[in-house]
Amino acid sequence: LTLLEGKQIFVTGFMATGKSKISPILAALTNRAYLDTDEMIVEKAGKSIPDIFNQDGEDVFRDLEHECVKEAAVGSASIVSLGGGAIAHDRNWDAIGSNGVSLCIRASVETIFDRVSRKRDERPLLAGLDDEACLAKITAMMGEREAYYARANVFVTSDEVKSPEDAAVEALEPLKGLA
């Protein structure tokens, strides 16, 4: 399926909404390359995201993230999966808006909590929190970021009933409408 020729499709959403599962499926359906800015950051830094946060701090991570968003924005037409906090920085929105469109994957607080609970320590912003504190942190962060997510061009919901394949297919129609 050909759509939005010459434009990147940036996939955003809070952590654990399914970006890393849905984006490669969307890439296959649209015959595009798939890029994950978190993977690009790890490659550029030579260490894991939790290590970047712990050793260098969030500001260094966000600078690396911005470099990777800019790189992804100017490459060949791709599906670009963004980290959950990338959109909370206007400099990233500048790259997104001038080079493509955005698809926001949404999930409920409960769905996100269930998904991150399995591997909470891999999430630097949630590591070490008990269930109550984790749920409160997710709720607060989603509230803080909602205005940024609301800027997206297209929205799809991810939940435990809908498969990642179904969510990717559901995104195609509204994306076609942007052409």
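In this predicted model, Ala16 sits in the loop that joins β1 to α1. Its phi is positive, near 65 degrees, although the residue is not a glycine. Most residues other than glycine have a negative phi. At 12% relative accessibility, Ala16 counts as buried, because the cut-off for burial is under 20%.

A second residue with a positive phi is Asn31. Asn31 belongs to the loop between α1 and β2, just after the end of α1. Its phi is about 55 degrees, and it too is not a glycine. Asn31 has a relative accessible area of 72% and is therefore exposed. The two loops on either side of α1 thus carry Ala16 and Asn31.

Helix α1 itself has 12 residues. At 1.5 Å a residue, they should span 16 Å. The end C-alpha atoms lie 16 Å apart, so expectation and model agree. Which residues of α1 are buried? They are Lys19, Ile22, Ser23, Ile25, Leu26, Ala27 and Thr30. The cover over these residues includes the strands β1, β2 (33–36), β3 and β4, together with helix α8. Leu29 is also part of α1, but its relative accessible area of 32% makes it partly exposed. The C-alpha atom of Leu29 is 9.7 Å from that of Glu165, although 136 residues separate the two along the chain. Glu165 falls within helix α8 (residues 164–176).

Helix α8 was examined in the same way. Its 13 residues should span 18 Å at 1.5 Å a residue. The end C-alpha atoms are 19 Å apart, which agrees. The buried residues here are Ala167, Ala168, Ala171, Leu172 and Leu175. Viewed down the axis of α8, they fall within an arc of 155 degrees, so they line one face of the helix. In an α-helix there are 3.6 residues a turn, so residues three or four places apart point the same way. Among the elements covering the buried residues of α8 are β1 (8–12), α1 (19–30), β4 (100–106) and β5 (154–157). Helix α1 is thus part of the cover of α8, and α8 is part of the cover of α1.

Strand β3 (residues 78–81) contains Ser81. Is Ser81 buried or exposed? With a relative accessibility of 2%, Ser81 counts as buried. Leaving aside residues up to four places away in sequence, Ser81 touches Val11, Lys19, Ser20, Ser23, Tyr34, Leu35, Asp36 and Thr37. Two of these contacts, Lys19 and Ser23, are among the buried residues of α1.

Attention turns next to α3. Helix α3 (residues 49–56) has Ile49, Ile52 and Phe53 as buried residues. These cover an arc of only 95 degrees around the axis, which places them on the same side of α3. The face turned away from that buried side carries the exposed residues Asn54 and Gln55. The buried residues of α3 pack against α2 (37–45) and α4. After α3 comes Gly57, with a positive phi near 95 degrees.

How do the axes of α3 and α4 cross? They come within 7 Å of each other, at roughly 130 degrees. This makes α3 oblique to α4. From α3, the contact involves Ile49, Ile52, Phe53 and Asp56. From α4, it involves Glu58, Val60, Phe61, Arg62 and Leu64. By class, this contact has 6 nonpolar residues, 3 charged residues and no polar ones. The α3 side of the contact includes Ile49, Ile52 and Phe53, the buried residues of that helix.

Helix α4 (residues 58–74) also packs on helix α5 (residues 90–99). The angle here is about 5 degrees, and the axes are 9 Å apart. Helix α4 is therefore roughly parallel to α5. On the α4 side, the contact residues are Arg62, Asp63, Glu65, His66, Val69, Lys70, Ala73 and Val74. They meet Arg91, Asn92, Ala95 and Asn99 of α5. By class, the contact of α4 with α5 has 4 nonpolar, 3 polar and 5 charged residues. Arg62 takes part in the contact with α5 and also in the contact with α3.

Conventions
Residues numbered from 1 in each chain as written. Predicted model: local features only at pLDDT ≥ 70, side-chain atom pairs only at ≥ 80, totals over all residues. Heavy atoms only, no water. Axes fitted to C-alpha atoms, helices over the stretch in contact; angles between N-to-C directions. Helix = DSSP H or I, 4+ residues; strand = E, 2+ residues; numbered from the N terminus. Parallel < 35°, antiparallel > 145°, perpendicular 65-115°, else oblique. Contact = heavy atoms within 4.5 Å. Nonpolar A, V, L, I, M, F, W, Y, C, P; charged D, E, K, R; others polar. Expected span 1.5 Å × (residues − 1). Buried < 20%, exposed > 50% of the residue type's maximum accessible area, 1.4 Å probe, protein only. Arc of directions from axis to C-beta.
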